[in-house]
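Trainee: Before we look at any detail, could you show me how to read a structure that I have never seen before?

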Amino acid sequence: MLLFLDVDGPLIPFGAADRAHPLYDGPPVPAGHPLLPRVDPALGPRLTALGCELVWATTWGDDANDCLVPWLGLPPLPVVRWPDADERPGPLHWKTRPLARWAAGRPFVWVDDEITGADRAWLAVHHPAPALPYRVDHRYGLTEADFAVLEEWLEAH
(Lines give C-alpha, C1' and ligand atoms only; values in the text may rest on other atoms or scores of the structure.)
Protein backbone atom coordinates (compact mmCIF):
# COMPACT_ATOMS: atom_id res chain seq x y z
CA MET A 1 0.00 0.00 0.00
CA LEU A 2 1.33 3.42 -0.96
CA LEU A 3 1.02 6.46 1.28
CA PHE A 4 1.48 9.75 -0.55
CA LEU A 5 2.55 12.41 1.94
CA ASP A 6 2.34 16.18 1.61
CA VAL A 7 4.53 18.33 3.88
CA ASP A 8 3.01 21.79 4.36
CA GLY A 9 -0.12 21.35 6.46
CA PRO A 10 0.08 17.64 7.33
CA LEU A 11 3.63 17.65 8.72
CA ILE A 12 4.20 21.38 9.21
CA PRO A 13 1.07 22.73 10.89
CA PHE A 14 0.25 26.34 10.15
CA GLY A 15 -1.12 26.97 13.65
CA ALA A 16 -4.55 27.91 14.92
CA ALA A 17 -6.01 30.78 16.89
CA ASP A 18 -7.12 28.43 19.69
CA ARG A 19 -3.65 27.02 20.39
CA ALA A 20 -0.05 27.67 19.55
CA HIS A 21 1.76 24.99 17.62
CA PRO A 22 4.56 23.32 19.60
CA LEU A 23 8.18 23.56 18.52
CA TYR A 24 10.49 20.54 18.58
CA ASP A 25 14.22 20.02 18.82
CA GLY A 26 15.95 18.03 16.15
CA PRO A 27 18.96 18.12 13.85
CA PRO A 28 20.21 21.53 12.77
CA VAL A 29 17.62 23.41 10.72
CA PRO A 30 18.81 23.91 7.14
CA ALA A 31 18.82 27.46 5.81
CA GLY A 32 15.57 28.36 4.15
CA HIS A 33 13.44 26.05 6.31
CA PRO A 34 12.60 28.02 9.46
CA LEU A 35 9.31 26.14 9.99
CA LEU A 36 10.99 22.73 10.34
CA PRO A 37 10.88 22.85 14.18
CA ARG A 38 7.07 22.65 13.89
CA VAL A 39 7.43 19.07 12.62
CA ASP A 40 7.01 16.55 15.45
CA PRO A 41 9.87 14.04 15.08
CA ALA A 42 7.54 11.37 16.55
CA LEU A 43 5.61 11.47 13.26
CA GLY A 44 8.39 9.46 11.59
CA PRO A 45 7.86 6.33 13.71
CA ARG A 46 4.07 6.80 13.58
CA LEU A 47 4.13 6.92 9.77
CA THR A 48 6.48 3.92 9.58
CA ALA A 49 4.19 1.93 11.87
CA LEU A 50 1.38 2.25 9.31
CA GLY A 51 3.24 -0.32 7.23
CA CYS A 52 2.88 1.58 3.95
CA GLU A 53 5.40 2.47 1.28
CA LEU A 54 5.86 6.17 2.06
CA VAL A 55 6.21 8.53 -0.92
CA TRP A 56 6.72 12.30 -0.86
CA ALA A 57 3.83 14.03 -2.67
CA THR A 58 4.92 17.59 -2.10
CA THR A 59 6.35 20.56 -3.94
CA TRP A 60 9.37 20.21 -1.64
CA GLY A 61 10.72 17.60 -4.07
CA ASP A 62 14.15 16.31 -3.07
CA ASP A 63 14.33 18.85 -0.24
CA ALA A 64 11.89 16.59 1.63
CA ASN A 65 14.57 13.89 1.74
CA ASP A 66 17.36 16.36 2.50
CA CYS A 67 15.53 18.18 5.32
CA LEU A 68 12.72 16.01 6.68
CA VAL A 69 14.20 12.52 6.51
CA PRO A 70 16.88 13.27 9.15
CA TRP A 71 14.32 15.17 11.26
CA LEU A 72 11.81 12.29 11.19
CA GLY A 73 14.32 9.42 11.31
CA LEU A 74 13.06 7.98 8.03
CA PRO A 75 15.02 6.42 5.19
CA PRO A 76 15.07 8.42 1.95
CA LEU A 77 11.66 8.18 0.29
CA PRO A 78 10.64 8.17 -3.37
CA VAL A 79 9.53 11.59 -4.60
CA VAL A 80 6.63 12.17 -6.98
CA ARG A 81 7.83 14.28 -9.90
CA TRP A 82 5.13 16.70 -10.95
CA PRO A 83 4.41 17.40 -14.61
CA ASP A 84 5.61 20.73 -15.97
CA ALA A 85 2.26 21.53 -17.56
CA ASP A 86 -0.24 23.32 -15.37
CA GLU A 87 -3.59 21.65 -14.77
CA ARG A 88 -6.58 23.49 -16.12
CA PRO A 89 -8.32 25.45 -13.36
CA GLY A 90 -11.17 23.51 -11.86
CA PRO A 91 -12.36 21.76 -8.76
CA LEU A 92 -9.86 18.87 -9.09
CA HIS A 93 -6.56 19.33 -7.22
CA TRP A 94 -3.56 19.50 -9.54
CA LYS A 95 -1.97 16.52 -7.71
CA THR A 96 -4.90 14.13 -8.16
CA ARG A 97 -4.25 12.84 -11.68
CA PRO A 98 -0.45 12.61 -11.28
CA LEU A 99 -0.84 10.62 -8.05
CA ALA A 100 -3.26 8.20 -9.70
CA ARG A 101 -0.78 7.77 -12.57
CA TRP A 102 2.11 7.24 -10.12
CA ALA A 103 0.10 4.63 -8.21
CA ALA A 104 -0.44 2.75 -11.49
CA GLY A 105 -3.52 0.91 -10.26
CA ARG A 106 -2.17 0.16 -6.77
CA PRO A 107 -4.14 1.03 -3.64
CA PHE A 108 -3.05 4.19 -1.86
CA VAL A 109 -3.63 6.71 0.87
CA TRP A 110 -3.02 10.38 0.06
CA VAL A 111 -2.49 12.69 3.05
CA ASP A 112 -2.83 16.37 2.16
CA ASP A 113 -4.51 19.50 3.46
CA GLU A 114 -6.08 20.55 0.15
CA ILE A 115 -8.15 17.49 -0.81
CA THR A 116 -11.81 18.09 -1.65
CA GLY A 117 -14.84 16.07 -2.56
CA ALA A 118 -13.96 16.56 -6.23
CA ASP A 119 -10.71 14.63 -5.73
CA ARG A 120 -12.50 11.85 -3.85
CA ALA A 121 -15.18 11.58 -6.53
CA TRP A 122 -12.67 11.55 -9.40
CA LEU A 123 -10.54 8.85 -7.77
CA ALA A 124 -13.62 6.72 -7.03
CA VAL A 125 -14.42 6.68 -10.76
CA HIS A 126 -10.95 6.71 -12.34
CA HIS A 127 -8.69 4.75 -9.98
CA PRO A 128 -9.26 0.97 -10.08
CA ALA A 129 -7.94 0.17 -6.60
CA PRO A 130 -9.00 1.42 -3.18
CA ALA A 131 -7.82 4.95 -2.49
CA LEU A 132 -8.19 7.15 0.57
CA PRO A 133 -7.64 10.82 -0.23
CA TYR A 134 -7.44 12.03 3.38
CA ARG A 135 -7.63 15.71 4.23
CA VAL A 136 -5.66 16.89 7.27
CA ASP A 137 -6.53 20.13 9.05
CA HIS A 138 -3.60 22.38 8.13
CA ARG A 139 -3.93 24.28 11.41
CA TYR A 140 -2.96 21.24 13.49
CA GLY A 141 -1.16 18.84 11.14
CA LEU A 142 -1.43 15.08 11.56
CA THR A 143 -3.03 14.21 14.90
CA GLU A 144 -3.76 11.01 16.79
CA ALA A 145 -7.34 11.21 15.50
CA ASP A 146 -6.00 11.29 11.93
CA PHE A 147 -3.80 8.27 12.59
CA ALA A 148 -6.80 6.40 14.00
CA VAL A 149 -8.73 7.00 10.74
CA LEU A 150 -5.74 5.96 8.62
CA GLU A 151 -5.15 2.82 10.66
CA GLU A 152 -8.81 1.82 10.47
CA TRP A 153 -8.92 2.30 6.70
CA LEU A 154 -5.65 0.43 6.18
CA GLU A 155 -6.86 -2.46 8.30
CA ALA A 156 -10.05 -2.67 6.23
CA HIS A 157 -8.10 -2.66 2.95
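The dialogue below takes up one residue, then the nonpolar cores, and then a pocket.

Mentor: Please keep in mind from the start that this is a predicted model.

Trainee: Let us begin with a single residue: is Asp146 buried or exposed?

Mentor: The general idea is that a residue under 20% relative accessible area is called buried. Asp146 has a relative accessibility of 9%, and therefore it counts as buried. Asp146 belongs to helix α5, which covers residues 144–156, and, if residues up to four places away in sequence are set aside, Asp146 touches Tyr134, Val136 and Gly141.

Trainee: Which residues of the largest nonpolar core touch the most other members?

Mentor: A nonpolar core is read as a set of buried residues joined through their side chains. Here the largest one has 33 residues, and those that touch the most other members are Leu11, Trp56, Leu68, Leu72 and Leu142. Several elements give two or more residues to this core, among them β1, β2, α1 and α5, while the largest share, six residues, comes from α2. There is also a second, separate core of 15 residues, and Trp82, Ala100, Ile115 and Trp122 are included in it.

Trainee: How should I read the largest pocket, and which residues are the closest to its centre?

Mentor: A pocket is described by its space and by the residues that line it. The largest pocket holds about 260 Å³ of space, and of its 22 lining residues the closest to the centre are Pro22, Tyr24, Asp40, Tyr140 and Leu142. The lining consists of twelve nonpolar, four polar and six charged residues, with at least two residues supplied by each of α1 and α5.

Methods:
Residues numbered from 1 in each chain as written. Predicted model: local features only at pLDDT ≥ 70, side-chain atom pairs only at ≥ 80, totals over all residues. Heavy atoms only, no water. Helix = DSSP H or I, 4+ residues; strand = E, 2+ residues; numbered from the N terminus. Buried < 20%, exposed > 50% of the residue type's maximum accessible area, 1.4 Å probe, protein only. Contact = heavy atoms within 4.5 Å. Core = buried A, V, L, I, M, F, W, Y, C linked by side-chain atoms within 4.5 Å. 1 Å grid on protein atoms, 1.4 Å probe; cavity = no way out; pocket = protein on both sides within 12 Å on 5 of 7 lines; lining within 4 Å. Points joined across faces, edges and corners; volume = space filled by probe spheres on them. Nonpolar A, V, L, I, M, F, W, Y, C, P; charged D, E, K, R; others polar.
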